[in-house]
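Biologist: I should like to go through this model with you, point by point. Please give your reasoning before each result.

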Amino acid sequence: MKAITFYSFGGPEVLQVAELPKPTPGPRQIRIRVRAAGVNPIDGKVRSGSMEAIFTTPLPAVLGVDVAGVVDALGDGVTDVSIGDRIVGWADAPAGAYGEFALASTYTRLPDGLDFAAAVALPVALETATRSLDLLRVRAGDTLLIHGASGAVGQIAVQLAADRGATVIGTAAQANQDRVRGLGAIPTVYGPGLVERVRALAPNGVDAVLDVAGKNALPDSIELRGGTDRIVTIADGSAPDLGVVFTAGPEQRSAADLAALADRLVRGEVTATVAAVLPFADAAAAHRLSDGGHAGGKVVLVP
């Protein structure tokens, strides 16, 4: 099969098309003929090598966790789906989603009315947001600051935190302030003066901070919290040096939660923005868009 891979760390230009063996599903795995793969900011950080201090990536590697497509083969013990079913889920390493085929053991059927590109915006964002909010112990009455609230993970985190009864302040570029407000958060721009802006919006202080952007916002977050307690980042590799929790797992993938979120998306009860859909051959361009941090939603690759 054809897949997008890389043999050395570096910029988007290291991504290349390679011919790889078609993966074989193991027990309780399915093989998916990929119709859409999500590009996440962490993909670019792994590709660049900046995550090697947090976790190592054997090379060559095929990136991509968000996957949507059609069931192509069943491993032993799989009885909940059939060949030809439309599904969305999390690709199992090391196959990755940036290929014609991927493997998955946690997935759900796509509800009617949801296309592959829209569905693939959900898995990583759901799992990451849920895990992070749990680590932060976000509950009703809290004021939560989310850095990068207009991005793919940030959008879901805002909505899930609001579901818990939290008040959310979300940072985003000036162009995305209305989008953040529409998600149910209080928007503000990032950059110099952030501490003063947040204190004006939350005079009683913020109870927790979630950084999904990785744009050097941790020092301001520590100042706002008066320490490192209840601060979590998914994107800033400087976290260990600052005493801040960096979360990359253990992952808590839930097919039931994914099915529920997909149903809510179809009903219009939640929002998940697809910022761009590009062919696999343009994976480098997709990474440049994602790396820039201003995509404003999920970047999606399609065969």
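Biologist: How many cavities of 30 Å³ or more does the count come to?

Modeller: The model is a predicted one. A cavity here is a set of points where a 1.4 Å probe fits but cannot get out. With 30 Å³ as the lower limit, the count comes to one cavity.

Biologist: Which residues line the largest cavity?

Modeller: The largest cavity has a volume of about 30 Å³. A residue belongs to the lining if it has an atom within 4 Å of a point. The residues that line this cavity are A121, A152, Q155, A272, T273 and K298.

Biologist: Is strand β14 largely enclosed by the rest of the structure or exposed, and why?

Modeller: Strand β14 covers residues 298–302. A residue is buried under 20% relative accessible area. Four of the five residues of β14 are buried, so the strand is largely enclosed by the rest of the structure.

Biologist: Do strands β3 and β14 run parallel or antiparallel, and which residue of β14 stands opposite V39?

Modeller: Strand β3, residues 30–39, is joined to β14 by three bridges, and the two strands run antiparallel. Within this pairing, the residue of β14 that stands opposite V39 is V299.

Biologist: In β14, which residue is the bridge partner of A276?

Modeller: Strand β13, residues 274–279, runs parallel to β14 and is joined to it by five bridges. In β14, the bridge partner of A276 is V299.

Biologist: What is the handedness of the β-α-β crossover from β13 to β14?

Modeller: From β13 the chain passes through helix α10, residues 283–291, before it enters β14. This β-α-β crossover is right-handed.

Biologist: How are the rings of F6 and F9 arranged: stacked, edge-to-face or tilted?

Modeller: The count of aromatic pairs comes to one. The centres of F6 and F9 lie 6.2 Å apart, and the angle between the planes is 55°. Planes under 30 degrees apart count as stacked and those over 60 as edge-to-face. The pair of F6 and F9 is therefore tilted.

Biologist: Does F9 count as buried, partly exposed or exposed?

Modeller: Its partner F6 has 0% relative accessibility and so counts as buried. For F9 the relative accessibility is 32%, and the intermediate class lies between 20% and 50%. F9 therefore counts as partly exposed.

Biologist: At what distance from the ring centre of F116 does R86 lie?

Modeller: Two cases of a charge over a ring may be described. K22 lies over the face of F101, at 4.5 Å from the ring centre. R86 lies over the face of F116, and its distance from the ring centre is 5.0 Å.

Biologist: Which peptide bond has an omega of about 5°?

Modeller: The bond from L59 to P60 is cis, with omega near 0°, and P60 lies in the loop between α1 and β4. P94 is found in the loop between β5 and β6. The cis bond with omega of about 5° joins A93 and P94.

Biologist: Is R230 buried or exposed?

Modeller: N216, in the loop between β10 and α7, has a positive phi near 60° and is exposed at 63% relative accessible area. R230, in the loop between α7 and β11, has a positive phi of about 60° although it is not a glycine. Since the relative accessibility of R230 is 11%, this residue counts as buried.

Key: Residues numbered from 1 in each chain as written. Predicted model: local features only at pLDDT ≥ 70, side-chain atom pairs only at ≥ 80, totals over all residues. Heavy atoms only, no water. Buried < 20%, exposed > 50% of the residue type's maximum accessible area, 1.4 Å probe, protein only. Pairing = 2+ DSSP bridges. Right-handed = clockwise from strand over helix to strand, strands pointing away. Phe/Tyr/Trp six-rings, centres within 6.5 Å; stacked < 30°, edge-to-face > 60°. Lys NZ or Arg CZ within 6 Å of the ring centre and 35° of its normal. 1 Å grid on protein atoms, 1.4 Å probe; cavity = no way out; pocket = protein on both sides within 12 Å on 5 of 7 lines; lining within 4 Å. Points joined across faces, edges and corners; volume = space filled by probe spheres on them.
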